[in-house]
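Hi,

Here is the structure I promised to pass on. Have a look at it first, and then read on for what turned up in it.

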Amino acid sequence: MVARVAGVFDEKLTEAIANSKVLVVGAGGIGCEILKNLVLTGFPNIEIIDLDTIDVSNLNRQFLFHKEHVGKSKAQVAKDSALSFNPNVNIVAHHDSVISNEYGVSYFKKFNIVMNALDNRVARNHVNRMCLAADVPLVETGTAGYAGQVELIKKGLTQCYECLPKAPQKSFPGCTIRNTPSEPIHCIVWAKHLFNQLFGEEDPDQNVSPDTADPEAAGDAGASALNAKESETGNVDRKSTRMWAAETNYDPEKLFSKLFGDDIRYLLSMENLWKKRRPPTPLVWDNLPGKDDSPAKHSGLPDQRVWSVSECAQIFATSCKALEADLKSRPDGDHLVWDKDEKSAMDFVTACANVRAYIFNIPLKSRFEIKSMAGNIIPAIATANAIVAGLAVLRAQNILKGNIEDCTSVYLRPKVNHRGQLFVPEKTLTTPNPKCFVCAPKAEVALACNLKQLTLKDLNTALKEGLNMQAPDAAVEGKGLVVLSSEPGETDHNNHKTLEQIGLNDGCALLVDDFLQNFEVRVRLQQEDDEKSWRLVTDMDTPMPEPKEDKPTNGANGSEPKPGPSRPKDDSDSDMEIIEEDEGVETTKPPKRRRIEVSDDIVELC
C-alpha cells in the first residue's frame, strides 16, 4: 500500500504507520470511508466497533456494503470488504456497543489513535471521556449535508467534545402537536404518533386526540365539546384509538371522519384556542378538496409531487388496509414498527400529515420532503463523507509524526466562502474550556432541583442522562457517606426517598464518579422551589441542554410531569443530523463557538 511505496512518506512517518494501532468507532458513511483510507494508506493494525446492521437505505453512501449484505453486521462486512483492498492488514471487527464494559480505559490505551464516526451523542460523549482517561488522541468527525468538520481532541491541549454545550434538539409541547400545529413538522410528528396508536407500540404520551388539559383551553372551553360528544354516534368516543379502530375493522372512512372531522370540531369547541389563531377546517370524506381534479403536472420525480387532499385520502385508505393486513398477520400482542423505507408506513404518514396540514392552513409537503423530516435526517452526501474521512486520515498522519500543532480543526463548507475557501481551517488548536465539567482539572457542575421532591432514583436518572454517566456512584463530600451506589441493591432501598429526606440540603456537594468511564465530577445541589424536575448548570455562559425522555411537559392528561430532565437530548449521526420530535420546552441557544477566520454562517456540527 501507499506507506510501503518508497518516497511517498518520509522514513519517520512510514515507521510510525507500521508500528501504529488505530481504533475506528462507527462503520457508517464516514466510518466506511475512514476504514478504506486507513487500509489503502497501509495502517497495519485496525479495530472497528459498530453495533448496527446494514439496511437497504445505507447502500447509496456506504460503499463497502452491497445488497447481499443487508441485515449483516456493519463492522464485520466493513472488515471483509476492506481486506479485499489490502489482505495484509490485520483488522478486528466488533459487532458491539462501544459503551460496553469490555471497552474500558485499558482497552483504549492499546491504541495510538482513536477515530470517531459515531451516530449518537451518548456514545460520542463516552468515547470522549475514555480517550481523555487513556490520554489517547481522538479524531472527531461529522457531516450534515454538504457541510462537515474534523477535529482533534487531545487531553490538556485541545477542547474536548463536551467543552461547550451542544445545541438542543428541536422540541414541541404536547398541546402544540395535538391542538394547535403551525408548522409541517408538527403535523408529521402527529402522524407518526397516530401510526403508533393504530399499528405500533402504544404510548399514552403519544395521544393524538385533542388535549383537553391544554392550559390555553381554560374555563368552560370544553363544555360544548362534551355536549357534542354525547350527541354524536360514537365517532368521538374517548376510548383507546387502537380499540376504536379495531372495532371499525380499520374502516378508512370512519377513521378519516373521526381524525379529520369530529376531532377537529371538538378542537373548535375550545374557543379560547382560536381567539388569536386562524381556526382549523374540518373535512368531510365525501366532499374533499381536489376530488374531481386531475393530478397536477410535475416534471420531477413522483415522490417530489405534492398530493392533493383527495389523493391523500385515497392513499390513506390504501395504506390503512395494507398496514391492518400486516398487523393481523403477526402473532397476538405484536405490533408494527414505523420505518421510513416501508412503503405503506411512509404513505400513511405522508397522507395523514398533509391532510392535517390542510386543515390547519399549513403548506403541504411532498412525500420526499416528509420522508426526510419524518426520518429525522439531513440527506447524507457521500462526497462530503469521503472528504471528511480523507481529512481525518491526514490528521492521523500528523499525529503519528508528532505534529500535533498542525492538527487544527477543519471545516468543510457547503459552498466557497468570500476568500475562495471550501476547507476552512482554524489557525491554532482550540484550548480546553477551563470550566468544562468533563476535562477541567477540577470538574464541577450544579444540579438545580427541588430537594423536597427529587428522589434518589431521580438523582440517578439526572446523572445518567444529564452527565451521560453509565454507572454513577455518589458520596457526600467531606463525610464519605455513600448516597448512591452502582452496585445493584446497595442503595435501592432509598430510591423512593427525597434528597431532603436522606439528609442532603442546599449547597451540599456530592463527589460523583463513574468507574466505567474513569470520570469524576463534583456536583453541587442547588435548591430551586419552582423546579419541578432537574436541570444541570455549569459555569459556562448558558445552562447546558439536558437529555430528556419523550414525555409531555405540560401535564398532559391532567397529570403533573414526573421528575425528569428539563431539557431534551440531541443525537446526531456521523453522516446525518437527527432532530427528534420530543415533546419539550423551547430552549435557549448556546453561545456560538469562537473560531478564527470562519464566517458566522458556518454551522458547528455534532
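One term before we start: two residues are in contact when they have heavy atoms within 4.5 Å of each other. Also keep in mind that this is a predicted model.

With that in hand, take the place where two helices meet. Pro184, Ile185, Ile188 and Lys192 in α7 meet Ile370, Met373 and Ala374 in α13. Sorted by type, the residues of this contact are six nonpolar, no polar and one charged. How do the two helices lie relative to each other? The axes of α7 (residues 184-198) and α13 (residues 367-374) come within 10 Å and cross at roughly 75°. Angles of 65 to 115 degrees count as roughly perpendicular, so that is the word for α7 and α13.

While you're looking at α7, find alanine 191, which is part of that helix. Its relative accessibility is 0%, so alanine 191 counts as buried. Leaving out residues up to four places away in sequence, alanine 191 touches Phe348, Val349, Cys352 and Ala353. The C-alpha atom of alanine 191 is also 9.8 Å from that of valine 355, although the two positions lie 164 residues apart along the chain.

Now for the overall picture. The protein chain has 606 residues, and 54% of them count as buried. It holds 15 helices and 14 strands. If you take the contacts between residues at least 6 apart in sequence, 70% of them join residues at least 24 apart.

Next, the sheet. Eight strands form an open sheet with mixed pairing, in the order β3-β2-β1-β4-β5-β6-β7-β8. Which strands stand at the edges? Those are β3 (90-94) and β8, and each has a single partner strand, so one side of each is left without a neighbour in the sheet. On average, neighbouring strands here are turned by 15° against each other, direction ignored.

For one pairing in detail, look at β6 and β7 (residues 410-412): the two run antiparallel and are joined by three bridges. Within that pair, glycine 148 stands opposite leucine 412 of β7.

Two helices lie across this sheet:

- α3 (residues 74-83) lies across β2 (45-49) and β3, and runs at about 165° to β3.
- α5 (residues 121-134) lies across β1 (22-25), β4 (113-116), β5 (138-144) and β6, and runs at about 160° to β5.

Another helix to check is α2 (residues 29-41), where you'll find glycine 31. Is glycine 31 buried or exposed? With a relative accessible area of 0%, glycine 31 is buried. Apart from its neighbours within four places in sequence, glycine 31 is in contact with Val24, Gly26 and Ala117. The C-alpha atoms of glycine 31 and leucine 118 are separated by 7.9 Å, and these two are 87 residues apart along the chain.

Then there are the cysteines. An unreviewed UniProt entry carries the annotation "binding site" for Cys160, Cys163, Cys436 and Cys439. They span 280 residues in sequence, yet no two of their C-alpha atoms are more than 8.5 Å apart, so the four gather at one spot.

Let me walk you through two of them. Cysteine 160 is in the loop between β6 (147-153) and α6 (174-178). Cysteine 160 counts as buried because its relative accessibility is 3%, under the 20% limit for that label. Not counting residues up to four places away in sequence, cysteine 160 touches Asn128, Leu132, Ile153, Cys436, Val438 and Cys439. Two of the annotated cysteines, Cys436 and Cys439, are thus among its contacts. Cysteine 436 sits in another loop, the one between β8 (423-425) and β9 (444-449), and is buried with a relative accessible area of 1%.

Where does the "active site" annotation fall? UniProt, again in an unreviewed entry, lists Cys175 for it. Cysteine 175 is placed in helix α6. With a relative accessible area of 11%, cysteine 175 is buried.

That's what I have for now. Happy browsing!

Technical notes
Residues are numbered from 1 along each chain as its sequence is written. This is a predicted model: local features need pLDDT of at least 70, side-chain atom pairs count only at pLDDT 80 or more; totals for chains, interfaces and linings use all residues. Side-chain values use heavy atoms; hydrogens and water are left out. Axes are lines fitted to C-alpha atoms, for helices over the stretch in contact, and angles run from 0 to 180 degrees between N-to-C directions. Helices (H or I, at least four residues) and strands (E, at least two) are DSSP runs, numbered from the N terminus. Angles under 35 degrees count as roughly parallel, over 145 as roughly antiparallel, 65 to 115 as roughly perpendicular and the rest as oblique. Ala, Val, Leu, Ile, Met, Phe, Trp, Tyr, Cys and Pro count as nonpolar, Asp, Glu, Lys and Arg as charged, and the others, Gly among them, as polar. UniProt positions are given in the numbering used here, feature names are shortened, and annotations may be inferred rather than shown by experiment. Buried means under 20% relative accessible area, exposed over 50%, partly exposed in between (1.4 Å probe, protein chains only). Two strands pair if DSSP finds at least two bridges between them.
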